[in-house]
Amino acid sequence: MHIDKDLVAASATPLVLGILADGDLYGYAILKRVSELSGGGMQWTDGMLYPLLHRLERLGHVSSSWGVSEAGRRRKHYAITAAGRQVLAERQEQWTVVGDALRQVWQSAPRPSAVTEGWA
C-alpha cells in the first residue's frame, strides 16, 4: 500500500515522539518500530527519519546521546524530552479530533467497494 507523502509527513512527529515515549532508541530501531506498528504499510527511509530527528532535537523535543549496541557498535540513541512529551500530548488531542471526524464521515459514506462497483 502506498501512503500519501502528506499523510506520512503529518503523522511523522507524533509517531516518532510516541515511539520514544516508550523508551530511548537508535534510528534503525525507530524505523523497524514504524514498520511493525503499521503492519509493514509504512516503510520509512533513513533520508526521511534522520532529518526529522535532527529537527526534533533542534526544537528541544528529543535529546540524543552516543551509546554502544549489543554488537559493540556505537549508535546515537534518541530520547523524548519533557517538551517533547508536551508536544506529543497536544498532537494526541489533535489526532483524536481528526480521527473522530474521519470515523463519522466514513460511517455515513458508502463503502469504497460500493462506489467502485457502481452501487452508489
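Start with strand β3: in this predicted model, β3 supplies four residues to the lining of the second largest pocket, the largest share of that lining.

**Stop 1: the second largest pocket**

Select β3, residues 74-80, together with α2, residues 27-37, and α3, residues 46-58; these are the elements that give two or more residues to the lining of this pocket. The volume of the second largest pocket is about 160 Å³. To display its wall, pick Tyr26, Gly27, Tyr28, Leu31, Asp46, Tyr50, Trp66, Arg73, Arg74, Arg75, Lys76 and Tyr78. Colour that selection by residue class, and the lining of the second largest pocket divides into six nonpolar, one polar and five charged residues.

**Stop 2: α2 against α3**

Keep α2 and α3 on screen and hide the rest. The two helices pack at an angle of about 115°, and their axes are 10 Å apart. The crossing of α2 and α3 is right-handed. Which residues of α2 meet α3? On the α2 side, select Gly27, Tyr28, Ile30 and Leu31; their partners in α3 are Asp46, Leu49, Tyr50 and Leu53. This contact of α2 with α3 consists of six nonpolar residues, one polar and one charged. Several of the names are familiar from the previous stop: Gly27, Tyr28, Leu31, Asp46 and Tyr50 also line the second largest pocket.

**Stop 3: α2 against α1**

Now drop α3 and bring in α1, residues 5-21. The axes of α1 and α2 cross at roughly 105° and come within 11 Å. An angle from 65 to 115 degrees counts as roughly perpendicular, so α1 is roughly perpendicular to α2. From α1, select Val16, Ile19 and Leu20; from α2, select Ile30, Arg33, Val34 and Leu37. The contact of α1 with α2 has six nonpolar residues, no polar ones and one charged. Ile30 of α2 is worth a label here, as Ile30 also takes part in the contact with α3.

**Stop 4: α1 against α4**

Leave α1 in place and swap α2 for α4, residues 82-108. Here the helices pack at about 130°, with 9 Å between their axes. Angles over 145 count as roughly antiparallel and 65 to 115 as roughly perpendicular, so α1 and α4 are oblique to each other. Their crossing is left-handed. In α1, select Leu7, Ala10, Ser11, Thr13, Pro14, Leu17, Gly18 and Ala21; in α4, select Gly84, Arg85, Val87, Leu88, Arg91 and Trp95. The contact of α1 with α4 comprises eight nonpolar, four polar and two charged residues.

**Stop 5: the largest pocket**

Stay with α1 and α4, and turn to the largest pocket, with a volume of about 290 Å³. Its lining is made by 14 residues. Which of them lie nearest its centre? Select Ser11, Pro14, Leu15, Met42 and Trp95. Of these, Ser11, Pro14 and Trp95 belong to the contact between α1 and α4 as well. Show α2 again, since α1, α2 and α4 are the elements that give two or more residues to the lining of the largest pocket. Which element gives the most? That is α1, with six residues. Coloured by class, the lining of the largest pocket shows nine nonpolar, three polar and two charged residues.

Conventions: Residues numbered from 1 in each chain as written. Predicted model: local features only at pLDDT ≥ 70, side-chain atom pairs only at ≥ 80, totals over all residues. Heavy atoms only, no water. Axes fitted to C-alpha atoms, helices over the stretch in contact; angles between N-to-C directions. Parallel < 35°, antiparallel > 145°, perpendicular 65-115°, else oblique. Left-handed = near helix turned anticlockwise from the far one by under 90°. Contact = heavy atoms within 4.5 Å. Nonpolar A, V, L, I, M, F, W, Y, C, P; charged D, E, K, R; others polar. 1 Å grid on protein atoms, 1.4 Å probe; cavity = no way out; pocket = protein on both sides within 12 Å on 5 of 7 lines; lining within 4 Å. Points joined across faces, edges and corners; volume = space filled by probe spheres on them.
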